[in-house]
Amino acid sequence: MGLPAFVCVFLLAACCCSRRAAGVPGEAPQPEPEVVEVEVGGTALLKCSPSHSQSNVSHVDWFSFHKEKLIPIYRIRQGQGQSEPGEYQRRLQNEGTTLVLKEVTPHDERIFLCQGKRSRSQERRFQLRVYKAPEEPSIQVNDVGISVNSEEPEEVRFQGDEVATCVGRNGYPVPQVTWYKNGHPLKEEKNRVQIQSSQIVESSGLYTLQSVLKAQLGKEDRNAQFYCELNYRLPSGNHMKESKEVTVPVFYPMEKVWLEVEPEGMLKEGDRVVIRCMADGNPQPHFSISKQNLSTREMEEKTTDDNGVLVLEPAQKEHSGLYECQGLDLQTTMSLSHQEELLVNYVSDVRVSPAAPEGKEGSSLNLTCEAESNEALEFQWLREKTGKVLENGPVLQLYNLQREAGGGYRCVASVPRVPGLNRTQLVNVAIFGSPWMTLKERKVWVKENTTLNLSCEATGHPRPTISWNVNGTTSQQTQDAQSTLSILNVLVTPELLETGAKCVASNAVGENTTVIFLELGEDPDPETSDTTTGLGTATVSPHPRANSTSTEKKLPEPESKGVVIVAVTVCVLVLAVLGAVLYFFYKKGKLPCGRSGKQEITLPPSRKGELVVEVKSDKLPEEMGLLQGSSGDKRAPGDQDRPHLMAGPAVCCHVEETLLGSHDRPVRSPVLSARSVKMALREEEKAKRAKSN
């Protein structure tokens, strides 16, 4: 080809290029492809003619633009589609002119083009973008740790200081990684921070990101928290995922050691004291703890556990002294030590003088308390049985001693500056006196021919002994320095019912007596009674307000005083009425004489035919003088000594009349008792209620 022909071809090509560059008049420029975003594994819908009715387009061809090549992948003829051979052969189908791409993968991120029968007017392009959120990032810390040596140059110290590695798997496109230390983002800094990131393309087309953090660390980073963050984009916007926080071991030599004592503050005897050796190096050195011997002034090593911890339990004043902690770095053979004084506050040797105090009634007594301590002491006196504070100070003065003042007194020695540090000493005060018993008389409900345990307790100084007037098995127990308890096991017989049981307590000063009366039957008021029948136990014990010299019988229960007073008043009134009635019938001669089941009362011949009224009561003899014979004579001495059945704590009355016949044999008449009177009154009350109704 000659030169003219070559020039013609060159000019023709330049003209074509300039035509394409400038655009042909009447032709529109190519529009930007429409972006379609689909998640990996999803389905992409590419609509070829969204603005026209699909029924007007019967001829459509689909192409993919990959590696600068336009590759046919699908064709539609009269609504029927057919895939072209290749990578999309099994994943494509159509819905009208819309191309449906199933199971989208990262390899499908490219441009797709559709052309109608008239190529220029029916051509559309689509940019398919694929996305996939990465998995939760994993982080692997450097388990070997990082050694810190301040004597090495920075360039040497920085080599190989790998802190941690972060991995984010199966994401698309490649996510971005950011490292954090204690919540603050890290940026690359020469000789201090390096971040090396790499990515791996999996066979599925997804990316796995790996990032390695290297940093120069110091002692201050021994507790630093590191984590990584992955940043990625989705159609909904930017997102991020964080790894867990990790701490890298940092090793550095110790610079000082010290002692740590628990609990903090002032120590006292009885505490559990923990002495721990500490150092600022990592790993911790080998520790040993020693205490100075006060005699030789030399340090003696104490036995500790594997962590160099010494436990004092319980702490005592002997544990006070100078302690030394020694740390030995096994890698550098460097040794450091530290000494500290330990003080255990104490209160000891609490004593009371006199050690065994005693006194007579009406006298005075001084008790003095002393103790040893390394701090200033305060003293307080308490009554042992009540806990009441009697005196603040070392001396307790007791004036006008009474029997109630006997018993325990406790001295409390305490240190105000050390909360909870105190010691006590108990001392018992003895008051000279005869045995002290609560009640003079007591009643027990029993059944005949049964075994009964009777208890009797007495208090006095000197400590009393107890004896019984009834044969039986006895056992005696010492309750305390001044009290004695005696238990009598006895069979209930008619003779015992008549006489009762008498408990006698005696000591060198005097004696006292309690009589226990037995009555057949069930306890009428078991809720308020404190005695038991059969194999039960009746107890008579001391009372702080009892009077050992009193001859009056004490009431069994203080809360029933009102009921007892009313009962006594009613009984006295009934006795007066009955006495008047009986006297009236006796004068009229209409009262039969006799007595059933009771002890006979025989009068002297000179007093035969007189009315005899026998009163059974717990009242004193002067109170029983209310009921006497009509002549005003009192009973003969022989009659007064006759035994009779005794009532319990409640007052009971018994009225009898005895007339002698022609042969001087007494004729027995029915017995009127308090119970019979009560029953009669109840029947009369019921009759009145029935009549009123």
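Start by selecting Cys277 and Cys325 in this predicted model. A disulfide joins the two, with an S to S distance of 1.4 Å. Look along the S-S bond: the torsion there is 120°, and the link of Cys277 and Cys325 is right-handed. Now show the secondary structure around the pair. Cys277 sits in strand S22 (residues 273-279) and Cys325 in strand S26 (residues 321-328), so this bond ties together parts that are 48 residues apart in sequence.

While you are here, turn on a surface. Are these two cysteines buried or exposed? Cys277 has a relative accessible area of 2%, so Cys277 is buried. Cys325 comes out at 0% relative accessibility and therefore counts as buried too. The cut-off behind both calls is a relative accessible area under 20%.

Next, move back along the chain and select Cys166 and Cys228. Their sulfur atoms form a disulfide, 2.0 Å from S to S. Which strands does this pair link? Cys166 belongs to strand S12 (residues 162-171) and Cys228 to strand S17 (residues 226-234), and the pair links distant parts of the chain, 62 residues apart. Check the handedness as you did before: the torsion about the S-S bond of Cys166 and Cys228 is about 65°, so the disulfide is right-handed. On the surface view, Cys166 counts as buried because its relative accessibility is 2%. Cys228, at 0% relative accessibility, counts as buried as well.

Your third selection is Cys369 with Cys411. These two form a disulfide, and their sulfur atoms lie 1.9 Å apart. Rotate to view the bond end-on: what is the handedness of this link? The torsion about the S-S bond is -90°, and the link of Cys369 and Cys411 is left-handed. Color the strands to place the partners: Cys369 is in strand S31 (residues 365-373), while Cys411 is in strand S35 (residues 407-414). The pair links distant parts of the chain, 42 residues apart. Both Cys369 and Cys411 are buried.

Then select Cys571. Its relative accessibility is 11%, so Cys571 counts as buried.

To finish, zoom out and show every disulfide at once. How many disulfides does the count come to? The count is five, including the link of Cys277 and Cys325. Number the bonded cysteines of the protein chain in sequence order, and the pairing reads 1-2, 3-4, 5-6, 7-8, 9-10.

Note on methods
Residues numbered from 1 in each chain as written. Predicted model: local features only at pLDDT ≥ 70, side-chain atom pairs only at ≥ 80, totals over all residues. Heavy atoms only, no water. Disulfide = S-S within 2.5 Å. Helix = DSSP H or I, 4+ residues; strand = E, 2+ residues; numbered from the N terminus. Buried < 20%, exposed > 50% of the residue type's maximum accessible area, 1.4 Å probe, protein only.
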